[in-house]
Amino acid sequence: MDGSRDNGRLDVRHVTDEARFEADTIVIGAGLAGLTATRELKEAGWTVRLLEARERVGGRLKGYSLGDGKAVDLGGEYFGDKSTAIAEVARSVGVNGFRTYDKGKRVSLINGRRFEYTGLFPWRMGPATLADLGQAVLKIERLARTVPPDGPWKARNAEELDSQTFWSWCRRNVATSTARAFLTMATEAAYCASPADLSLLHVLYYANASGGFRYLLEISGGIQRYRFDGGAHSIPTKLAARLRDEVRLGAVVRKIEQRPDSVVVTGPGFKAQARWVVVAIPLTLAGRITYEEALPGYRDQLTQRMPAGAAIKCIAIYDEPFWRDAGLSGQVTINDGPFRVAFDTSPPDGSPGVLSVFVTGSAAWTLTCLPRAERRVAVLDGLVRGLGPRAGKPTDFVEQNWLDEEFTRGCYHGFAPPGVYTACGPALRAPIGRIHWAGTETGVHQMGSMGGAIDSGRRVAQELLAREANALGPGATIVGAAAHG
Ligand SMILES: Cc1cc2nc3c(=O)[nH]c(=O)nc-3n(C[C@H](O)[C@H](O)[C@H](O)COP(=O)(O)OP(=O)(O)OC[C@H]3O[C@@H](n4cnc5c(N)ncnc54)[C@H](O)[C@@H]3O)c2cc1C
């Protein structure tokens, strides 16, 4: 089954109800970023239309119902003690967090060897490997703190850090092949891209913006510490329920036309006019909209050069979390198998048993080319290697292939290969004429995560309010004239 049994459907209006409309601002994309911007501008008294291509809100947050009012997440899910923005928004709509299940031993399969362990690293890998891993993580942690979350291009050694991949750094700084294999696996799980694709600067930037490299990998002491009761996807659904006058579903934006005193946004079946437009969609997709006049080269280069990561999230459902009785936490990591990490994501009462499996980076590229049935067999084989034969017999199995999604095209977020941030990073947030940019990739606090999306929505609302307050309103800017920096 695919992940179509989602909980994001809402009683809000469809764009075809109102083919022509005007507002102070058009916001494109009803993910957390667009919903936050809309909420903030509405509270400031602006008229807003939030145009969403899909027939649901939430974007990279999507749910799957388990029945009895329980649900799991097919997209974004976790937060930690440093995730203040998403925790605050969740509280504001009455969604509560609970502790991620993290008791018992973890399982790691590295280069064919199976380890059961507690803590972050499998200690049976041997003292030399452990010492090697430990020193590498310390170095990464130290370097990450030198990269400002509000702009990696501002780092003191930005040029040097952005002129190498994370893999080339690992080859110079990690001596043992097992430690490199473990780091590669962890990177693919956390960044959805292989170390050879990622700029070292991006790895450090995301780590620092998230709260630290080790923090990014940890459950109890890290960003995976909590989940939301009812699922993270219930947050955008509840936000949208309070924005019924603003949200329009089924509105696929194809073109943005800037005029001296307004902006015209069009798509199949609708035409909207406003003073401002906020583009709150993934970077790659922002590059596929037609702009008139054409955007400056520095902005187009950015959208050409920042691809989305690759992830397929699979959910295997069992009558009970049988691994817990065997003293296992349900966490399975594999460096050369069909996925990179699986976690116990059962509901708070432990019924039914649920494993969420993250097929990421190179594993996603391999599996996405297989027929769906073969992907299922491959994923279940990996779970059996980790947790035993019962893992091969789920009562239900769901997959959400984010690469195939027309209005996402990969996740968890857009990443930068070498040279991008130092060449055109400032274009991430710099407005162009009447167009302002949001979306998690433009966030500062927890860029790439739910928090980054909220942060970007708040920032873009402040930008627009400031522009109007400073009388930089209609007619005051020319397309392409915004400062590149
Ligand atoms: C599998 C997975 C696991 C993740 N895990 C976590 C996690 O544990 N913790 C965490 O904090 N984050 C996690 N994330 C990341 C998090 O979900 C995202 O950072 C966040 O939801 C992005 O929100 P956004 O509003 O920036 O973008 P999106 O959610 O992508 O919203 C953009 C919206 O724009 C719409 N759209 C696109 N094109 C158009 C168009 N042309 N016209 C109109 N609308 C359009 C889309 O349909 C979408 O609704 C995960 C993501 C995934 C997919």
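In the predicted model, the shell around the ligand comprises 22 nonpolar, 10 polar and four charged residues. Of the 36 residues that surround the ligand, the nearest are Glu52, Arg60, Tyr78, Thr440 and Met450. Two helices, helix 1 (32–43) and helix 16 (450–469), each provide at least two residues of this shell.

Polar contacts between the ligand and the protein backbone were then examined. A polar backbone atom of Thr440 lies 2.8 Å from an oxygen atom of the ligand, and Thr440 is also among the residues that come nearest to the ligand. For Ala33, the distance between a polar backbone atom and a ligand oxygen atom is 2.9 Å. At Val253, a polar backbone atom is found 3.0 Å from a nitrogen atom of the ligand. The ligand taken alone exposes 1,000 Å², of which 96% is buried by the protein.

The domain assignment divides the protein chain into domain 1 (13–62 + 233–306 + 415–484), domain 2 (64–81 + 97–120 + 219–228 + 311–402) and domain 3 (129–217). Domain 1 and domain 2 each contribute at least three residues to the shell around the ligand. The C-alpha centres of domain 1 and domain 2 are separated by 34 Å. Contact between these two domains involves 11 residues of domain 1 and 12 residues of domain 2.

The size of an interface is often expressed as the accessible area lost when the parts come together. Between domain 1 and domain 2, about 810 Å² is buried, and carbon and sulfur atoms account for 60% of this area. On the domain 1 side, Lys62, His233 and Met450 supply 58% of the area buried against domain 2, more than any other three residues. Met450 thus appears in both settings, as it is also listed among the residues nearest to the ligand.

Backbone geometry was considered next. Most residues other than glycine have a negative phi, and most peptide bonds are trans. Two cis peptide bonds may be described here. One runs from Glu292 to Glu293, with omega near 0°; Glu293 is situated in the loop between strand 14 (290–292) and helix 11 (297–305). Another cis bond joins Cys411 to Tyr412, with an omega of about 5°. Tyr412 belongs to the loop between strand 19 (396–401) and helix 15 (420–424). A positive phi, near 60°, is found at Cys192, a residue other than glycine. The position of Cys192 is in the loop between helix 6 (177–191) and helix 7 (200–210).

Terms used. Residues numbered from 1 in each chain as written. Predicted model: local features only at pLDDT ≥ 70, side-chain atom pairs only at ≥ 80, totals over all residues. Heavy atoms only, no water. Near = heavy atom within 4 Å. Polar contact = N/O pair within 3.5 Å; in protein donor to acceptor, adjacent residues only side chain to side chain. Areas by Shrake-Rupley, 256 points an atom, 1.4 Å probe, with all protein chains shown as cover. Helix = DSSP H or I, 4+ residues; strand = E, 2+ residues; numbered from the N terminus. Nonpolar A, V, L, I, M, F, W, Y, C, P; charged D, E, K, R; others polar. Domains from an automatic or database assignment. Contact = heavy atoms within 4.5 Å. Buried area = accessible area lost by both parts, 1.4 Å probe.
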